Amino acid sequence: MSRFSPAKFEDIFNRGFWEGQQQLCDGILKTHDGATFRIHRVILSLQCEYFCALYRSNSNQETVVIPYVDSKTLESILLFIYTGTIEVSENNLCDLAIASNFLLLDGLLKRCRKFAIKHMRRTNCLSFLSIAWKTDRLAIMEDCYRYAMVHFEDILKTSNGDLEKLPVEVLKTLLKNDSLNVVSERSTWKAIVLWTEADSSIRLNDIPELLTCLRLEKGTDEDLIKDIVSHPIVNRNPHVCGVIPSDEFSYYTVKCKILSQDANLEPQYQNLPCSYGPRMPKNLHIIARHKLTPAEDTSEIFLTYDGDLDFWRQIGETEFGIENMIQIERFIYMFKVEQMPGRIFDIVEEKWLPRSVLPVPAYRSWIIKFKEQLYSFGVSVFDHEKMYSIFSYEFQRNKWENTGKTPYNVIYGAVTVRDQIYVVGQAEVTFDEFTPLLYQAYDLEKNTWKSLPAPNIYRQGLSLVSFHEKVFAIGGNTREEYLSNVEVYDPLKNTWMGLPDLPFVYISPKAVVVDNKLIVHESNEENKQYQDVSPLVYWDEVAQLWKNIEKSTPWYFIDHYAFLALDDGRVLKDMTAKRPGKKWKRILHD
């Protein structure tokens with residue numbers, strides 16, 4: 001039997017569950033365009049907070065006028081309330097979102113939100129942004145901003161007039177953002193012109209402030225500056241007229257006079273903040289996504305659009321699963337384990353170097369970065385004799401050089417904090433008694449070790465990580481049981497302090513720092529891939545508590561990824577220059 005899908009509200013009373021129930025209707029809704037609908041007050045009150053409050057305060061009023069909602073939209077909403085079905089489309093999204101917001105229909109508002117995010121395209125994201133501006137509870141404003149910023153060049157070509165309809169506050173927020181994806185500031189200027197000329201009689205007043213959104217660079221934007229000064233929306237604009245003499249076209253003149261620092265401007269436009277320098281994010285992320293199946297263990301490598309983790313694009317792949325990534329200048333060193341060759345990726349040119357990094361001549365080692373140099377701390381073998389050695393990597397010769405010895409028999413972790421290398425491990429390991437943990441700082445220049453207070457709780461197999469210039473010792477075991485204890489070392493106080501225990505026990509804990517969050521999860525080792533593992537948690541520094549990571553957050557599947565934050569300004573500038581024209585996809589948030 002085919003499912004009955006009524007096209008009109010009155011049709012639901014002709015068959016199915018609601019057949020014949022129209023005779024029990026006890027209320028009438030009327031729209032501003034004159035349409036009327038007979039309804040059951042109790043049904044609407046149970047499904048909608050607005051109607052519940054309405055009929056409590058107007059219990060004797062039979063006909064109620066619903067403002068701001070037309071008959072077509074109200075009929076769709078009534079069908080949704082009575083049957084739970086509704087078809088959301090680009091054509092009705094705006095009306096449904098505004099009406100469901102007004103009527104406090106959270107279920108329908110959620111459907112509108114889901115539709116908008118799923119169907120967001122360069123041809124509609126600005127219209128969705130305008131809807132979100134009118135309807136706060138739709139909660140897609142940030143999604144629309146992000147999509148518009150990432151695809152701004154494409155939007156300029158296919159905006160269908162939606163750019164011109166944006167409120168000025170929305171346009172300013174877009175144009176001022178460091179992450180705006182433009183080939184040059186000429187695109188930003190084009191957007192200002194298109195928007196202004198759509199209604200110049202009203203919008204000329206906004207030109208002084210919109211011009212502060214431009215990121216003009218001395219020596220590169222002189223021709224653009226001439227075009228700006230000579231354009232009618234500037235040189236015939238009474239709000240800036242007379243500020244720029246016709247024979248002055250220099251970068252300095254535009255900065256000082258157009259960009260809101262001239263006394264001749266109207267008071268509300270004086271001393272507005274100016275935008276300097278190129279559009280460049282504070283950081284980016286390299287993300288390696290593991291692909292582990294019975295037939296392969298590989299990684300796909302992605303680059304994020306900016307510091308957020310929503311939009312990515314693939315830039316490479318490896319024939320091994322990446323567990324560790326380290327940046328030195330423009331090169332990204334990628335490793336699985338120390339006994340395997342590593343790969344080097346040129347992040348500016350986005351290509352692999354033709355050579356591999358030779359395996360570290362040691363095992364059970366830790367590879368870290370210190371002052372733009374790779375170092376390995378681990379166990380090596382020379383002439384059948386074990387040595388606990390330090391190696392440095394020589395890029396030009398593609399060789400690991402032995403530079404010193406360690407006092408450790410086994411190392412559980414090595415991190416850098418405030419230009420210091422901290423290592424935790426044991427000098428000896430025996431099976432019949434516990435030997436104390438050894439915690440030391442290593443001075444590379446002097447090749448000396450300095451003993452420091454060891455963690456208060458004895459443990460093996462812990463995870464050591466640096467976070468906010470402190471060292472965290474997380475989890476581990478005592479051979480007899482797995483621990484949930486956490487301690488933190490403050491280098492300034494030279495002391496360890498206990499933190500609240502982890503809410504779960506991890507057999508092989510792994511702590512990572514991503515997006516300024518310290519996250520703990522079960523390690524992604526091959527022999528643990530198909531075991532049940534404890535949930536992921538993160539450290540809430542304000543509340544001083546460990547909290548579960550929700551499935552809706554982008555970090556929920558972090559155990560399938562390796563992350564590397566890039567924050568070198570010189571490298572970021574070169575990378576950002578290549579951003580326009582690339583295809584960016586929403587990945588981790590889907």
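This passage describes strands, salt bridges, surface patches and backbone angles in one protein model. The model is predicted.

An open sheet is built from five strands. Their order is 27-4-5-6-28, and the pairing is antiparallel. Strand 27 (561–566) and strand 28 (585–586) form the edges, each pairing on one side only. Within this sheet, strand 5 (residues 296–304) and strand 6 (residues 311–318) run antiparallel and are joined by six bridges. One residue pair illustrates the contact: Ile-301 has Gly-316 in strand 6 as its bridge partner.

The loop between strand 5 and strand 6 also carries a charged contact. Asp-308 forms a salt bridge with Arg-146, and the closest N and O atoms are 3.5 Å apart. Asp-308 sits in that loop and Arg-146 in helix 7 (residues 141–150), so the pair ties together parts that are 162 residues apart in sequence. The two partners differ in exposure. Asp-308 is partly exposed, because its relative accessible area of 36% falls between the limits of 20% and 50%. Arg-146 is buried, with a relative accessible area of 5%.

Further salt bridges were examined. The structure holds 24 salt bridges. One of them links the side chains of Glu-349 and Arg-330, at 3.6 Å from N to O. Glu-349 lies in the loop between strand 9 (342–346) and strand 10 (351–357). Arg-330 lies in the loop between strand 7 (324–328) and strand 8 (331–335). The pair therefore ties together parts that are 19 residues apart in sequence. Glu-349 is partly exposed, with a relative accessible area of 40%. Arg-330 is also partly exposed, at 29%. Another salt bridge joins the side chains of Glu-401 and Arg-397, with an N to O distance of 2.4 Å. Here Glu-401 counts as partly exposed at 22% relative accessibility, whereas Arg-397 counts as exposed at 53%. Some salt bridges share partners: Arg-146, Asp-306, Asp-308 and Asp-310 are joined in this way into one network.

A second group of strands centres on strand 16 (residues 420–426). This strand is mostly covered, with six of its seven residues buried. Strand 16 pairs with strand 15 (residues 410–417) in the antiparallel sense, over seven bridges. In this pairing, Val-410 stands opposite Gln-426 of strand 16. Strand 15 and strand 16 form a hairpin with two residues between the strands. In that hairpin, Arg-418 takes a positive phi near 50 degrees. Strand 16 also pairs with strand 17 (residues 438–443), again in the antiparallel sense, over five bridges. Tyr-422 stands opposite Ala-441 in strand 17.

Positive phi angles also occur elsewhere. Most residues other than glycine have a negative phi. Tyr-68 is not a glycine, yet has a positive phi of about 65 degrees. Tyr-68 is placed in the loop between strand 3 (63–66) and helix 3 (71–83). Tyr-68 is exposed, with a relative accessible area of 67%. Gln-544, likewise not a glycine, has a positive phi of about 55 degrees. Gln-544 is placed in the loop between strand 25 (537–540) and strand 26 (545–548). At 37% relative accessibility, Gln-544 counts as partly exposed.

Two surface patches were found, one positive and one nonpolar. Lys-110, Arg-111, Lys-114 and Lys-118 form the positive patch. Lys-118 belongs to helix 5 (residues 106–118). Lys-118 is exposed, because its relative accessible area of 61% is over 50%. Tyr-482, Val-505 and Ile-507 make the nonpolar patch, of about 260 Å². Tyr-482 lies in the loop between strand 20 (470–474) and strand 21 (486–490). Tyr-482 is partly exposed, with a relative accessible area of 43%.

A covered position is found in strand 24 (residues 517–522), which contains His-521. His-521 is buried, because its relative accessible area of 4% is under 20%. His-521 and Tyr-556 are 35 residues apart in sequence. In space, their C-alpha atoms are 9.8 Å apart.

Conventions. Residues are numbered from 1 along each chain as its sequence is written. This is a predicted model: local features need pLDDT of at least 70, side-chain atom pairs count only at pLDDT 80 or more; totals for chains, interfaces and linings use all residues. Side-chain values use heavy atoms; hydrogens and water are left out. Patches are made of residues with over 30% relative accessible area and no salt bridge: like charges are joined within 9 Å, nonpolar side chains (Val, Leu, Ile, Met, Phe, Trp, Tyr) within 5 Å. Accessible areas come from the Shrake-Rupley method with a 1.4 Å probe; for residues, only the protein chains shown count as cover. A salt bridge is a side-chain nitrogen of Lys or Arg within 4 Å of a carboxyl oxygen of Asp or Glu. Lys and Arg count as positive and Asp and Glu as negative; His and the chain ends are not counted. The place of a charge is taken as NZ of Lys, CZ of Arg, CG of Asp or CD of Glu. Helices (H or I, at least four residues) and strands (E, at least two) are DSSP runs, numbered from the N terminus. Buried means under 20% relative accessible area, exposed over 50%, partly exposed in between (1.4 Å probe, protein chains only). Two strands pair if DSSP finds at least two bridges between them.
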